[in-house]
Amino acid sequence: MMTIGDLIKKKRLENNISARELSRRSGVSQPYLSQLETGKNDNPSLNAIDKLSKGLGVTLLELLIDSGYINESDVNKEKEG
């Protein structure tokens with residue numbers, strides 16, 4: 001599994017978005033984004049992850065599942081129950 005910072009950086013680069021642009025789109029400061037992407041901060045707030053997901057054009061759920069914060073099978077169980 002990738003860390004949340006690795007995943008954010010990967011998605012940012014896949015979409016050809018600079019760190020400065022993602023910061024602008026998401027409202028998350030560039031220094032904070034840099035800390036996430038370099039692993040200096042590996043415990044971001046849910047609010048920051050949500051803002052970054054919107055800036056990347058993906059869902060919060062997608063980022064949380066892809067980074068291993070939550071398990072997709074647990075989400076499916078919740079939907080069924």
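**Notes on the helix packing and salt bridges**

1. Let's start with two helices: α1 and α4 are roughly parallel to each other, because an angle under 35 degrees counts as roughly parallel and theirs is about 15°. Their axes sit 10 Å apart, and α1 passes α4 in a left-handed crossing. From α1, the residues making the contact are I4, I8, K11 and R12, while α4 brings I49, L52 and L56. Keep in mind that this is a predicted model.

2. Next, the core. The largest nonpolar core has 14 residues, and the ones touching the most other members are I8, L22, L52, L56 and L63. At least two residues of this core come from each of α1 (4-14), α3 (30-38), α4 (46-56) and α5 (60-66). Three of those names should look familiar: I8, L52 and L56 also take part in the α1–α4 contact.

3. L22 is worth clicking on. What does L22 contact once you leave aside its neighbours within four places in sequence? The list runs I8, R12, I17, G27, L33, L52, G55 and L56. So that you can place a few of these: I8 and R12 are on the α1 side of the α1–α4 contact, with L52 and L56 on the α4 side.

4. Now R12, which lies in helix α1. Is R12 buried or exposed? It is buried, with a relative accessible area of 8%. Not counting residues up to four places away in sequence, R12 touches I17, S18, A19, L22, E37 and L56. Put L22 and R12 side by side and you'll find I17 and L56 on the contact list of R12 and on that of L22 as well.

5. One of those R12 contacts is a charged partner. The side chains of R12 and E37 meet in a salt bridge, at 2.8 Å from N to O. R12 is in helix α1 and E37 in helix α3, so this pair ties together parts that are 25 residues apart in sequence. E37 is buried, at 11% relative accessible area, and R12 counts as buried too, at 8%. As background, side chains of opposite charge can pair when their charged atoms come close.

6. How many salt bridges are there in the model? The count comes to seven. Another of them joins K11 and D66, with the closest N and O atoms 3.9 Å apart. K11 lies in helix α1 and D66 in helix α5, so the pair ties together parts that are 55 residues apart in sequence. If you want to check that distance yourself, the cut-off is 4 Å. K11 counts as buried at 11% relative accessibility, whereas D66 is partly exposed at 33%. There is a network here as well: salt bridges link K11, E62 and D66.

7. K10 and E14 make a local pair. Their salt bridge has its closest N and O atoms 3.1 Å apart. Both residues lie in helix α1, four residues apart, which is about one turn of the helix. K10 counts as partly exposed at 38% relative accessibility, and E14 is partly exposed as well, at 48%.

8. On to V28, in the loop between α2 (19-26) and α3. V28 is buried, with a relative accessible area of 5%. Leaving out residues up to four places away in sequence, V28 touches S23, L33, A48, K51 and L52. L33 and L52 also turn up among the contacts of L22. How far apart are the C-alpha atoms of V28 and G55? They are separated by 9.2 Å, with the two positions 27 residues apart along the chain as a sequence offset.

9. Finally, two asparagines. N16 lies in the loop between α1 and α2, and is exposed, with a relative accessible area of 71%. Its phi is near 55°, a positive value in a residue other than glycine. N47 lies in helix α4 and is partly exposed, at 46% relative accessible area. N47 and L60 are 13 residues apart in sequence, and their C-alpha atoms are 9.7 Å apart in space.

Terms used:
Residues are numbered from 1 along each chain as its sequence is written. This is a predicted model: local features need pLDDT of at least 70, side-chain atom pairs count only at pLDDT 80 or more; totals for chains, interfaces and linings use all residues. Side-chain values use heavy atoms; hydrogens and water are left out. A nonpolar core is a set of buried Ala, Val, Leu, Ile, Met, Phe, Trp, Tyr and Cys residues joined through side-chain atoms within 4.5 Å. Buried means under 20% relative accessible area, exposed over 50%, partly exposed in between (1.4 Å probe, protein chains only). Contact means heavy atoms within 4.5 Å. Axes are lines fitted to C-alpha atoms, for helices over the stretch in contact, and angles run from 0 to 180 degrees between N-to-C directions. Angles under 35 degrees count as roughly parallel, over 145 as roughly antiparallel, 65 to 115 as roughly perpendicular and the rest as oblique. A crossing is left-handed if the near helix is turned anticlockwise from the far one by less than a right angle, and right-handed if clockwise.
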